[in-house]
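Me: I've got a protein model open and I'd like to go through it bit by bit. Can you help me read it?

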Amino acid sequence: MAVLIPDSELSKRFEKVPTAIFSNAGIASKVVAIEIAQIIRSKQMLNKPCILGLATGSTPKGVYKELIRMHREEGLSFRNVITFNLDEYYPMQPDSLYSYVRFMKEQLFNHVDILPENCHIPDGTLSKERIASFCRDYESRIEMNGGIDFQLLGIGGNGHIGFNEPGSTSNSKTRLVALDHSTRAAASQEFNGLHNVPRTAITLGVSAILHAKRVVLMALGEHKSRIVKASIEGPVSEHVPASYLQNHPHATFILDEASATDLTRVKTPWLVDTCIWDKKLIKKAVTGLAVSLKKPVLKLTDKDYNDNGMGELVAQHGPAYDINLEVFNQLQNTITGWPGGKPNADDSKRPERALPAVKRVLIFSPHPDDDIISMGGTFMRLQDQGHDVHVAYQTSGNIAVSDEEALRYADFVTGFDQKFGLNNSEIDAIYQNAKEFLKNKKQSEKDIDEVRQIKGLIRVSEAKATCRFVGIPDNNVHLMNLPFYETGMVQKKPLGEEDIQLTVDLIKQIKPHQIYAAGDLADPHGTHKVCLDAVFEALRRLKDDPENQDWIKDCWLWLYRGAWQEWDIHQIEMAVPMSPDQVLRKRYGIFKHQSQKDGVVFQGSDSREFWQRAEERNKATADLYNKLGLPEYEAIEAFVRYLY
């Protein structure tokens with residue numbers, strides 16, 4: 001469990017709080033769980049209670065999972081543990097799908113031997129008149145038990161800890177707070193839309209958090225990287241409440257590789273210590289310098305390098321002209337209009353092989369629209385250039401369909417039957433049941449099976465329409481319906497053996513020369529990441545199986561990104577340009593997913609529709625290539641090759 005990127009005395013010039021970076025979320029979670037277990041056991045040996053401050057959200061799930069495993073397999077007892085949770089939405093019923101009471105029971109309490117009376121969570125059912133006294137009592141109970149021994153924290157995208165939003169002072173007490181719009185937008189996925197997210201919450205105050213004897217803040221995923229840097233390297237400020245931890249004597253930030261990407265020792269390591277300047281690091285440094293100075297790569301000078309802490313690079317590999325030319329050629333060689341390889345061409349400087357001229361291609365799409373949104377131009381080009389293209393829709397995507405859309409389709413089917421005199425009482429009963437449920441559905445109620453099936457059918461029909469638009473034959477469309485997704489809620493099951501085996505079987509059936517998969521690392525617990533893990537594990541098993549050696553060695557894996565972000569320029573290994581007509585054609589392909597237009601269920605904080613996000617992202621990539629001195633294109637889709 002070694003730290004991926006080691007700390008050093010030099011990095012402490014930038015990092016104002018101890019920080020440990022691990023290769024992935026799983027390892028980071030285990031490290032935190034081990035420390036918690038050690039504190040619990042040490043208190044047991046002293047015959048004293050262990051007071052834990054606990055957090056909710058996706059970040060601590062791995063910690064709780066590991067604690068449950070330690071309880072079951074290693075005899076870790078929670079009989080002496082007393083817990084105080086950070087926060088709860090207000091108002092909130094404890095049995096709601098969205099309550100933190102329910103979250104803690106499902107994620108930890110119901111699986112260990114903790115005493116129910118030792119579990120404390122802010123009460124979301126109180127009248128407003130009683131909240132102030134409850135908050136005072138909550139803090140008093142913590143003090144009466146000797147204070148928090150270990151406080152586990154996550155971090156919000158705006159830097160909040162608990163629900164202490166920007167503007168919270170360091171001496172703030174436990175209280176009712178108004179939630180920031182960005183916090184509510186981030187939670188909108190869990191609540192099936194922003195309009196369902198409460199506007200207020202009860203939170204433990206910053207003062208109580210800072211009085212904990214030990215504090216660990218965990219941050220996982222690329223979407224946390226910006227605020228992590230501000231919290232660790234920026235000034236202590238009420239605008240970033242997590243920065244208050246810089247003043248805590250025993251606080252540590254625990255990060256995965258993705259959340260640490262903006263830290264100085266990761267993003268610009270040459271400013272921290274001596275570097276080994278390999279090709280990848282040189283490309284990262286030079287492209288970053290060109291972007292920051294707003295210069296084409298070929299116009300960078302020795303002075304530019306020296307003035308920006310990169311004199312060592314010039315001394316070892318200079319002059320600037322030689323370095324610039326090497327990086328420019330690397331960038332130029334990523335660009336190709338032949339994502340499947342160009343037949344009868346020299347492929348020594350191309351991202352893909354020329355042979356075989358016709359490749360079997362398997363595109364994994366986590367949701368039924370990720371293929372066309374994220375790599376639609378490449379998708380269509382592969383088909384147009386004669387490759388045998390298969391698309392695998394890994395999940396049904398059913399929870400991303402609004403109730404109104406499902407009701408519209410239910411009405412259509414009923415009307416269709418009536419119009420053509422199709423008196424099928426069984427079908428009519430199914431749809432009437434679905435219609436009745438949707439009309440009376442409660443805010444936090446899980447969809448019944450009929451409704452989930454209707455929503456799934458809507459997304460299947462849209463995916464098939466996209467494939468017909470691209471020219472993919474029906475027998476090349478694979479509906480995987482991975483079981484981990486089918487909970488009917490945002491909260492999914494962990495990746496399971498059946499999910500992996502379905503992926504293994506499909507890859508083995510097609511024996512592709514190319515695989516495309518969504519490489520998003522923004523949320524390590526999100527659907528894209530789980531789908532990617534299934535692909536990784538399937539390929540690992542196939543590679544280790546002697547029966548597959550004749551084809552698996554020739555199977556290349558290319559990773560694309562989702563609608564929200566793109567690979568950094570130094571990471572891109574294949575850039576597929578699009579003309580204005582191709583951009584428009586991709587837009588029409590996205591329009592086939594009508595249920596994802598005009599008010600998407602999981603819109604998040606970005607008000608743009610998916611086609612707008614995709615076009616603006618692809619245009620930004622093309623503009624960046626052009627600013628670095630490469631040819632001007634209308635748009636570019638980017639990929640990174642993953643070596644498994």
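**Starting at one loop residue**

Me: Is N481 buried, partly exposed or exposed?
Reply: Keep in mind that this is a predicted model. Buried means under 20% relative accessible area and exposed means over 50%. N481 has a relative accessibility of 38%, so it counts as partly exposed.

Me: Where does N481 sit, and what is its phi?
Reply: N481 is in the loop between strand 13 (477–479) and helix 17 (497–510). It isn't a glycine, yet its phi is positive. The value for N481 is about 45°.

Me: What about K294: is that one buried or exposed?
Reply: K294 is in another loop, the one between helix 9 (279–293) and helix 10 (302–307). Its phi is positive too, near 55°, and K294 isn't a glycine either. The cut-off for exposed is over 50%. With 77% relative accessibility, K294 counts as exposed.

Me: Which residue just after helix 4 has a positive phi?
Reply: Helix 4 covers residues 128–144, and the residue to look for comes just after it. Its phi is about 100°, and the residue is G146.

Me: How far does helix 4 reach from its first C-alpha to its last?
Reply: Helix 4 has 17 residues, and at 1.5 Å a residue you'd expect 24 Å. The model comes close to that. From first C-alpha to last, helix 4 reaches 25 Å.

Me: Which residues of helix 4 are buried, and which helix is among the elements covering them?
Reply: The buried residues of helix 4 are I131, F134, C135, Y138, E139 and I142. Their cover includes several strands, among them strand 3 (81–85), strand 7 (175–178) and strand 8 (200–203). The cover also includes a helix, residues 206–210, and that's helix 6.

Me: Which residues does V314 touch, leaving aside its neighbours within four places in sequence?
Reply: V314 lies in helix 11 (residues 311–317). Its relative accessible area is 14%, so it falls under the 20% cut-off and is buried. Leaving aside neighbours within four places in sequence, its contacts are D302, Y305 and I323.

Me: How far apart are the C-alpha atoms of V314 and K303?
Reply: Along the chain, V314 and K303 are 11 residues apart. In space, their C-alpha atoms are separated by 9.7 Å.

Me: Which residues are joined by cis peptide bonds?
Reply: One cis bond leads into P91, which lies in the loop between strand 4 and helix 3 (100–107). Another leads into P356, in the loop between helix 12 (320–332) and strand 11 (360–365). Omega is about -5° for the bond to P91 and about -5° for the bond to P356. The joined residues are Y90 and P91, and L355 and P356.

Me: Zooming out, what is the radius of gyration of the protein?
Reply: The protein has 21 helices and 17 strands. For 644 residues the globule rule gives 26 Å, and the protein is close to that, so it is as compact as a globular protein of that length. Its radius of gyration is 26 Å.

Me: What share of the residues is buried?
Reply: The accessible surface comes to about 28,200 Å², with 52% of it belonging to carbon and sulfur atoms. Counting residues instead, the buried share of the 644 is 55%.

Me: How far apart are the centres of the positive and negative side chains?
Reply: There are 77 positive side chains and 85 negative ones. The centres of the two sets lie apart by 2 Å.

How values were computed
Residues are numbered from 1 along each chain as its sequence is written. This is a predicted model: local features need pLDDT of at least 70, side-chain atom pairs count only at pLDDT 80 or more; totals for chains, interfaces and linings use all residues. Side-chain values use heavy atoms; hydrogens and water are left out. Helices (H or I, at least four residues) and strands (E, at least two) are DSSP runs, numbered from the N terminus. The radius of gyration is taken over C-alpha atoms; the globule rule is 2.2 Å times the number of residues to the power 0.38. Buried means under 20% relative accessible area, exposed over 50%, partly exposed in between (1.4 Å probe, protein chains only). Accessible areas come from the Shrake-Rupley method with a 1.4 Å probe; for residues, only the protein chains shown count as cover. Lys and Arg count as positive and Asp and Glu as negative; His and the chain ends are not counted. The place of a charge is taken as NZ of Lys, CZ of Arg, CG of Asp or CD of Glu. Contact means heavy atoms within 4.5 Å. The expected span of a helix is 1.5 Å times one less than its number of residues.
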